[in-house]
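Here's a quick briefing to read alongside the viewer. Have the sequence and the structure open, and follow the points by topic.

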Amino acid sequence: MDGQFCATTCPRARGDVDGDGDAAEAFDGLQILRHVMGIPTVYDPIPLCVADTNCSGDVGLIDVVSVLRRATHLIPDYCVEETPETFGKSSFGISAQAGVLTPGEAFEVTLDLTALQAGPTYGYGFIMTFDPEVVSFSGAVDRTGTLSARWGNPTVQVSGNTLRLAALNPYTPLTGTGTLVKLVGHAALDAVGPTDLQFTRF
Ligand SMILES: [Ca+2]
Ligand SMILES: [Ca+2]
């Protein structure tokens, strides 16, 4: 190795988003979580070589999980083989217990995990879009009796017609399938018709 082929350099060590020399801090992971949620950070743009802590080539919730797991000494380094490459490939089913609502009436959107990925699942996230003239979401969730009942509340960001949700637990992977979480929504006071709920994974 003579070093002559070193074509690219990363401005900071992998995982060290704030560049303070410590690459195993929950704070760094939370900056990646903000990035995934579309929330600006003072460290933007966060380089891929810093944020991609599982060496998958993109940035997702598993990268947040990697930093949190390293910060709590559950893994010794980044890009270890325990990190599932297939993170986020689980299958979801979604049902809205709604039907015809009276103005202002509350309803729940139930997210069911229908198939687990091959590796451990330490988190999940999605983007849901809706018609804000028909329904509203405050970001409130109901975890009672769900698979994530023992996790903390998810991070939810509602802006305009978009709701982003990320749920993480670096200690306890999900086991089994069933209801993940229920989103609490309300019909608009002057609701005018049906709305589609569109889901995108991230
Ligand atoms: Ca740091
Ligand atoms: Ca990654």
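## Confidence and overall layout

Confidence in the protein chain bottoms out in E1, with a mean of 65, and peaks in H2, at 96. Keep in mind that this is a predicted model. Across the protein chain the average pLDDT is 83, and 84% of the residues score at least 70.

- The protein chain has three helices and eight strands, and from the N terminus on they come in the order α-α-α-β-β-β-β-β-β-β-β.
- Of its 202 residues, 32% count as buried.
- If you look at contacts between residues at least 6 apart in sequence, 72% of them join residues at least 24 apart.

**The nonpolar core**

- The largest nonpolar core is made of 33 residues, and the ones with the most contacts inside it are Ile 32, Val 36, Leu 61, Val 64, Val 65, Ala 166 and Leu 168.
- At least two core residues come from each of H1, H2, H3, E2, E3, E4, strand E6 (162–168) and E7.
- H3 is the top contributor to this core, with six residues.
- Where does this core lie with respect to domain 1 and domain 2? Domain 1 (9–83) and domain 2 (91–201) both supply residues to this core, so it sits between them.
- Ala 166 is a handy residue to click on: setting aside neighbours within four places in sequence, it is in contact with Leu 33, Val 36, Met 37, Leu 61, Gly 123, Gly 125, Pro 154 and Thr 155.

**Helix H1 and the segment before it**

- H1 passes a simple length check: its twelve residues should span 16 Å at 1.5 Å a residue, and the end C-alpha atoms are indeed 16 Å apart.
- The buried residues in H1 are Asp 28, Gly 29, Gln 31, Ile 32, Leu 33, Arg 34, His 35 and Val 36.
- Those buried H1 residues pack against H2, H3, E3, strand E5 (155–159) and E6.
- Just after H1 comes Gly 38, with a positive phi of about 80°.
- Val 17 is in the segment before H1. Is Val 17 buried or exposed? Val 17 counts as buried because it has 27 C-beta neighbours inside 10 Å, and 20 or more is the cut-off.
- Beyond residues up to four places away in sequence, Val 17 touches Asp 28, Gln 31, Ile 32, Tyr 43, Ile 46, Val 50 and Ala 51.
- Val 17 and Pro 47 are 30 residues apart in sequence, while their C-alpha atoms are 8.5 Å apart in space.

**Strand pairing around E7**

- Strand E2 (residues 106–115) pairs with strand E7 (residues 178–187) in the antiparallel sense, over eight bridges. In this pairing, Ala 106 has His 186 of E7 as its bridge partner.
- Strand E4 (residues 135–142) also runs antiparallel to E7, joined by five bridges. Here Val 135 has Ala 187 of E7 as its bridge partner.

**Tyr 122, a buried loop residue**

- Tyr 122 belongs to the loop between E2 and strand E3 (123–129).
- Despite the loop address, Tyr 122 is buried, with 25 other C-beta atoms within 10 Å.
- Not counting residues up to four places away in sequence, Tyr 122 touches Val 65, Leu 168, Asn 169, Pro 170 and Pro 173.
- Tyr 122 and Tyr 171 are 49 residues apart in sequence, with a C-alpha to C-alpha distance of 7.5 Å.

**Backbone geometry to check**

- Most residues other than glycine have a negative phi, and most peptide bonds are trans.
- A cis peptide bond links Asp 44 to Pro 45, with omega about -10°. Pro 45 is in the loop between helix H1 (26–37) and helix H2 (48–51).
- Cys 55 isn't a glycine, yet its phi is positive, near 55°. Cys 55 is in the loop between H2 and helix H3 (61–71), and with 14 C-beta neighbours inside 10 Å it counts as partly exposed.
- His 73 is not a glycine either, and its phi is positive at about 65°. His 73 is in the loop between H3 and strand E1 (91–97), and it counts as exposed because it has 8 C-beta neighbours inside 10 Å.

Note on methods: Residues are numbered from 1 along each chain as its sequence is written. Chains are lettered from A and ligands numbered from 1 in the order in which they are written. This is a predicted model: local features need pLDDT of at least 70, side-chain atom pairs count only at pLDDT 80 or more; totals for chains, interfaces and linings use all residues. Two strands pair if DSSP finds at least two bridges between them. Helices (H or I, at least four residues) and strands (E, at least two) are DSSP runs, numbered from the N terminus. A residue is buried if 20 or more other C-beta atoms lie within 10 Å of its own, exposed if 12 or fewer, and partly exposed in between; C-beta atoms are placed from the backbone. Two residues are in contact if their C-beta atoms, placed from the backbone, lie within 7 Å. A nonpolar core is a set of buried Ala, Val, Leu, Ile, Met, Phe, Trp, Tyr and Cys residues joined through C-beta atoms within 7 Å. Domain bounds come from an automatic or database domain assignment. The expected span of a helix is 1.5 Å times one less than its number of residues. pLDDT is the predictor's confidence in each residue, from 0 to 100.
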